[in-house]
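Open your viewer and get ready to click through the model. Each stop tells you what to select and what is there.

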Amino acid sequence: MATRSGNRQQANSGGANPAAKPAMRKPVFIKVDQLKPGTTGHNLTVKIVNANTVLSKKPRNPSSLRVPARPQQNTRIAECLVGDETGSILLTARNDQVDLMKPDATIIIRNAKIDMFKGSMRLNVDKWGRIEAGEPATFVVNEENNLSLVEYELVNVEE
């Protein structure tokens, strides 16, 4: 007769090594025209058309805060039109991401998500994603198919 803890140990051991890491998957890169509202986990290679700084704000006075915080940084937000040969979309870049946003530069975006802002799509990279500089691309950005100019409306469906 096996004890409870003995059964638990047998179930946990299951032949798999708990210290072994799962194999990493290769990222699947998509094109801009495949983006849909409310989706996440996108990997793209895009070229920056233009970048406009929307907000550049200094931090509040740290002496007025009761809790000692980490060193304060300027808050910077830039809206950048990025795209590939299939279309273009607005990318919201924050803080350190703004430094990479130079016109005609090629960037690699990993784990991006689509946020809705005033009914239109915006590409956003949060703390779980990454933006890095890439090799210069040879394609010409298709600005005619701007996905951020399409306005979406939330419709409630009654069953």
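## Stop 1: an arginine in a network

Select arginine 110. This residue is partly exposed, because its relative accessible area is 26%. The model is a predicted one.

Now add glutamate 132. Arginine 110 and glutamate 132 form a salt bridge, with their closest N and O atoms 3.4 Å apart. Arginine 110 sits in strand β4, while glutamate 132 sits in strand β6 (residues 130-133). The two are 22 residues apart, so this pair links distant parts of the chain, and an N–O distance within 4 Å is what makes it a salt bridge. Glutamate 132 is partly exposed, at 24% relative accessibility.

Which residues belong to the network here? Select Arg110, Arg130 and Glu132: salt bridges link them in a network.

## Stop 2: the whole fold

Zoom out and colour by secondary structure. The protein has one helix and six strands. Read from the N terminus, the order is α-β-β-β-β-β-β.

Next, colour by accessibility. Of the 159 residues in the protein, 29% are buried. Then think about contacts. Take those between residues at least 6 apart in sequence: 65% of them join residues at least 24 apart.

## Stop 3: two more salt bridges

How many salt bridges does the structure hold? There are six.

Select aspartate 99 and arginine 76. They form a salt bridge, and the closest N and O atoms are 3.0 Å apart. Aspartate 99 is in the loop between β3 (87-94) and β4 (106-117), and arginine 76 is in strand β2 (residues 75-84). The pair therefore ties together parts that lie 23 residues apart in sequence. Both ends are partly exposed: aspartate 99 at 43% relative accessibility, arginine 76 at 24%.

Select arginine 122 and glutamate 79. Their side chains meet in a salt bridge, 2.7 Å from N to O. Arginine 122 belongs to strand β5 (residues 120-124) and glutamate 79 to strand β2, so this pair ties together parts 43 residues apart in sequence.

Is arginine 122 buried or exposed? Arginine 122 counts as buried, because its relative accessibility is 12% and the cut-off for buried is under 20%. Its partner, glutamate 79, counts as partly exposed at 26%.

## Stop 4: the nonpolar core

Hide the salt bridges and turn to the nonpolar side chains. In soluble globular proteins, such side chains tend to be buried together.

Select Leu35, Ile89, Leu91, Met101, Ile107, Ile109 and Leu123. Of the 22 residues in the largest nonpolar core, these touch the most other members. Strands β1 (40-57), β2, β3, β4 and β5 each give two or more residues to this core. Which element gives the most? That is β4, with four residues.

Stay with isoleucine 109 and show its contacts. Leave out residues up to four places away in sequence. Isoleucine 109 then touches Phe29, His42, Asn43, Leu44, Val46, Leu91, Leu123, Val125, Arg130 and Ile131. You met Arg130 in the salt-bridge network.

## Stop 5: a pocket

Switch on the surface. Rolling a probe the size of a water molecule over the atoms shows where empty space is left.

Select Arg25, Lys26, Pro27, Val28, Asn43, Arg110 and Asn111. These line the second largest pocket. The volume of this pocket is about 160 Å³. Its lining divides into two nonpolar, two polar and three charged residues. Arg110, from the opening stop, is one of the lining residues.

## Stop 6: two asparagines with positive phi

Select asparagine 111, also in that lining. Asparagine 111 has a positive phi of about 55°, although it is not a glycine. You will find asparagine 111 in strand β4. At 34% relative accessibility, asparagine 111 counts as partly exposed.

Now go to asparagine 95. Its phi is also positive, near 50°. Asparagine 95 has its place in the loop between β3 and β4. It counts as partly exposed, at 29% relative accessibility.

## Stop 7: an exposed aspartate

Stay in the loop between β3 and β4 and select aspartate 104. Aspartate 104 is exposed, with a relative accessible area of 64%. Leaving out residues up to four places away in sequence, aspartate 104 touches Lys47 and Ile48.

Last, draw a line from aspartate 104 to valine 82. From C-alpha to C-alpha they are 9.4 Å apart in space, and they are 22 residues apart in sequence.

Definitions and conventions:
Residues are numbered from 1 along each chain as its sequence is written. This is a predicted model: local features need pLDDT of at least 70, side-chain atom pairs count only at pLDDT 80 or more; totals for chains, interfaces and linings use all residues. Side-chain values use heavy atoms; hydrogens and water are left out. Buried means under 20% relative accessible area, exposed over 50%, partly exposed in between (1.4 Å probe, protein chains only). A nonpolar core is a set of buried Ala, Val, Leu, Ile, Met, Phe, Trp, Tyr and Cys residues joined through side-chain atoms within 4.5 Å. Contact means heavy atoms within 4.5 Å. On a 1 Å grid over the protein atoms alone, a cavity is a set of points where a 1.4 Å probe fits but cannot get out, and a pocket is an open set with protein on both sides within 12 Å along at least five of seven lines; lining residues have an atom within 4 Å of a point. Grid points are joined across faces, edges and corners, and a volume is the space filled by probe spheres set on the points. Ala, Val, Leu, Ile, Met, Phe, Trp, Tyr, Cys and Pro count as nonpolar, Asp, Glu, Lys and Arg as charged, and the others, Gly among them, as polar.
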